[in-house]
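Trainee: Can we go through the inside of this model together? I'd like to know what the labels rest on.

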Amino acid sequence: MTKMTIAGAQIGGIQKDETREEVVARMIALMDDAHEKGVAFIAYPEMTLTTFFPRFYVEDRADFDHWFETEMPNASVQPLFERAREYGMGFTFGYCELTPEGEHFNTSIIVSPKGEILLSYRKTHLPGHAEFEPERTHQHLEKRYFLPGDTGFNVVRSQGIIMGMSICNDRRWPESWRVLGLQGVQLVSIGYNTPSQNNLSKDEGIERRMYHHELSVCAGAYQNSTYAIAVAKCGMEDGNHMFAGSIIVDPDGFVIAKAQGEGDELIVAEADFDKCTFGKSTVFNFDAHRRIEHYGLIASQTGVKEPSE
Ligand code: ING
């Protein structure tokens, strides 16, 4: 299948006291709307089921284990899986994963129209810090509550195309996109929760932040000739603002759908995956043009090493 109607289901703020069931009901309402519009695949945001709790500091991390899912699917999300299967709709969403071994990950999954979990991804690039930093106006403690992902960036064939995932900060790192691109990815789903207030520099405004978000997704899609759905959990959460700007981007890097508000909102686009072929066979024909003998530092060196003089 080369054509598919795809959607991003932007989710407005989730408050601390909102239950999983209340959130899933909001997700299903968007899925119902998507079904009305003939959508075959829908993407939900990062950490869709809970508020963005890494804005809060807690001494004992176990006190935050209630924000995590210990099995997937589970009773809370089962209605979403059932509705998707009824509609024959594939989907992806992010949640916080607590493994039987006691490890905590920021995770997302791709589910087939039959309700099978085909791929699980654990967020690689965790922004922020692990300890409380008093000089910050806003804490961003993902490094405190999650381990760096151990899955790497993988793809899966589903619904006739090659699908992959990133999560939030991953979209800012070209390596995330290129590893997926080297596997022939045609649709990258990226959920995000991006606070609007900056933690350190006061001069960064929301416009600048939004520009960097869109720049990252459009560049990643273009440079790997893939569609991308970047979908936000946004709006106000317990007095903290996260920006919206959910977009669907085509393989030429053009935004073809964009959310207008900061609440629950469906964005829809007609994807023709044959459009991925041109870029992959010309400008970004990796096999014909890449020179990996010169790229060694990308995978062998973590930080910057400047010349001595
Ligand atoms: N959030 C943010 C993101 O990468 C951030 C962190 C905000 C980075 C602003 C840079 C600038 O979109 C998450 N959850 O990764």
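**Cavities and cores**

Mentor: Sure. Keep in mind that this is a predicted model. To start with a number, about 70 Å³ of space lies in the second largest cavity.

Trainee: What makes that space a cavity?

Mentor: A cavity is a set of points where a 1.4 Å probe fits but cannot get out. The search of the whole structure finds two cavities of 30 Å³ or more, and the largest has a volume of about 80 Å³.

Trainee: Which residues line the second largest cavity?

Mentor: There are 14 of them, with Tyr-44, Thr-92, Ser-108, Ile-190 and Gly-191 nearest its centre. Strands β3 (90–98), β7 (161–167) and β8 (187–192) each give two or more residues to that lining. By class, the lining of the second largest cavity has seven nonpolar, six polar and one charged residues.

Trainee: And what is the lining of the largest cavity by class?

Mentor: Two nonpolar, seven polar and one charged. Nearest the centre of the largest cavity lie Arg-55, His-138, Gln-139, Pro-195 and Gln-197. Arg counts as charged, so Arg-55 is the one charged residue in that lining.

Trainee: Why is Phe-273 called a core residue?

Mentor: A nonpolar core joins buried nonpolar residues through side-chain atoms within 4.5 Å. Phe-273 is in the largest nonpolar core, which has 44 residues, and Ile-6, Phe-41, Leu-187 and Phe-273 touch the most other members. Strand β9 (residues 227–232) gives the largest share of this core, six residues.

Trainee: What does Phe-273 touch?

Mentor: Leaving out residues up to four places away in sequence, Phe-273 touches Thr-2, Met-4, Ile-161, Gln-186, Leu-187 and Tyr-227.

Key
Residues are numbered from 1 along each chain as its sequence is written. Side-chain values use heavy atoms; hydrogens and water are left out. On a 1 Å grid over the protein atoms alone, a cavity is a set of points where a 1.4 Å probe fits but cannot get out, and a pocket is an open set with protein on both sides within 12 Å along at least five of seven lines; lining residues have an atom within 4 Å of a point. Grid points are joined across faces, edges and corners, and a volume is the space filled by probe spheres set on the points. Helices (H or I, at least four residues) and strands (E, at least two) are DSSP runs, numbered from the N terminus. Buried means under 20% relative accessible area, exposed over 50%, partly exposed in between (1.4 Å probe, protein chains only). Contact means heavy atoms within 4.5 Å.
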